[in-house]
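Colleague: I would like to understand the surroundings of the ligand. Could we begin with the terms?

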Amino acid sequence: MSQLQAPRGVPEYLPPDSAEFLAVRNTLGRSAELAGYGYIELPVFEDTAVFVRGVGESTDVVSKEMYTFTDRGDRSLSLRPEGTAGVMRSVLEHNLHRGSLPVKLWYAGPFFRAERPQQGRYRQLQQVGVEAIGVDDPLLDAEVIAVADEGYRRLGLRGYRLDLSSIGCKECRPVYRAVLQEFLAGLPLDDATAERARINPLRVLDDKRAEIRVLLTDAPLPPDHLCDECREHFTRVQQALTALGVRFALNPRLVRGLDYYTRTTFEFDHPALGAQSGIGGGGRYDGLMASLGGPDMTGIGFGLGTDRTLLACRAEGLRPGEGRRVEVFIVPLGEAARDAASKLAGRFRADGMPVDMAYGSRGLKGAMKAADRSGARWAIIVGEKELAEGRVQIKDMTNGDQRSVVVEDVVGQLLTEGM
Ligand code: HAM
């Protein structure tokens, strides 16, 4: 039989690397919790309409990359390509928007996009995200961005860049869009690009090809076409970020890949990651709730790529969550010692001390190798003869020192020393 494999483009995190993955996810989530965001666990698949209406039919994410299937009841469902539309659906369904505002939620987990896999670009990608819904306050924009920045900092990351822009609101954006379309119509664009200019002209600004970039040198840019309210909002966001000590660069060409954005948009990039350098991004989405059939409420949030953030940590030589798998490893010598070792392991666990032991009938050499590999600070060697006297050996794995201890005292002693 041929060897089964995980689907293409789906990364897996196995021990010991999975400890780093968990540390990244937990650290980013912790930053959200420190700002009062409550955790939301969302469905991994939704009614396809949630994404078509929420994210937008003209986006690549929805039109080309979604995993859509029909269930046995003939309903069209899709694996979630992103989190914001599902959060909004859930907020509306459970009437959270009628409670105190803003509704502040964070989430973490896998998302699915049928992209061409490469280093840092996956079909199952992981994100940690937040959404703050129902209050239109530039200080809230600054908070959301600062939470992301704080998450990266807590991991020890330093080499990333934050790009900031504003793409206007439902009043000023259509005016700008028309100006941009007129400009693009005057350029010698290939058919596909001209078609994009017609459907979603802002996306053309994001074109990475050198020949198109040259043509766009004098293109009109969103921040130069903001209405007074949007300009004021954008100025206040920048002031608040500066006051919070968050460094950013204005990037008037910043274009996000999803349709729901309005006003503030931002992206975190890590240059060490090459082509897939976007480690996180987000923005305001003031029309999203209405497009899902709810009241006209505002919102802002981000999605941070957990996989890419881990790659960025490695590129900076950081080992997030590096530590021991267990603190204590118990090595029983002989059959009678195995029962005592198992009981001792139970006592360590009950007291919250991470512990493992050598199972099966391994000899001393093999068991000590396992103790070494576990990364434990202490090995406890339970020999039958010593055990008959109520004693075991504690070996300090950092320097090899060994001492004999009364078995009843061993948990207490190591707990004290472990502090
Ligand atoms: P997004 O920019 O599409 O935004 O994704 C956010 C982050 O997810 C990216 O910056 C990147 O780090 C990671 N990511 C996206 N696609 C892939 C992939 N194929 N492989 C690996 N990582 C990937 C959103 O999803 C929005 N929902 C963010 C948001 C929340 N905006 C407002 N609220």
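Modeller: Ala, Val, Leu, Ile, Met, Phe, Trp, Tyr, Cys and Pro count as nonpolar, Asp, Glu, Lys and Arg as charged, and the others, Gly among them, as polar. This is a predicted model, in which local features need pLDDT of at least 70, side-chain atom pairs count only at pLDDT 80 or more, and totals for chains, interfaces and linings use all residues. Residues are numbered from 1 along each chain as its sequence is written, and side-chain values use heavy atoms, with hydrogens and water left out.

Colleague: How many residues of each class are in the shell around the ligand?

Modeller: The shell holds nine nonpolar, 11 polar and seven charged residues. In total, 27 residues surround the ligand, each with a heavy atom within 4 Å of it. The closest are E82, E115, R256, Y261 and G278.

Colleague: Which side chain has an N or O atom 2.9 Å from a nitrogen atom of the ligand?

Modeller: That side chain belongs to E131. This is a polar contact, meaning a pair of N or O atoms within 3.5 Å. Oxygen atoms of the ligand also take part: one lies 3.1 Å from a polar side-chain atom of Q127, and one lies 3.1 Å from a polar backbone atom of G280.

Colleague: And how much of the ligand does the protein bury?

Modeller: The protein buries 95% of the 660 Å² that the ligand exposes when taken alone; these accessible areas come from the Shrake-Rupley method with a 1.4 Å probe.

Colleague: Which strand gives the most to the shell?

Modeller: Strand β10 does, with six residues; strands are DSSP runs (E, at least two residues), numbered from the N terminus.

Notes
A polar contact is a pair of N or O atoms within 3.5 Å; within protein, one must be able to donate a hydrogen and the other to accept it, and residues adjacent in sequence count only if both atoms are side-chain atoms. Helices (H or I, at least four residues) and strands (E, at least two) are DSSP runs, numbered from the N terminus.
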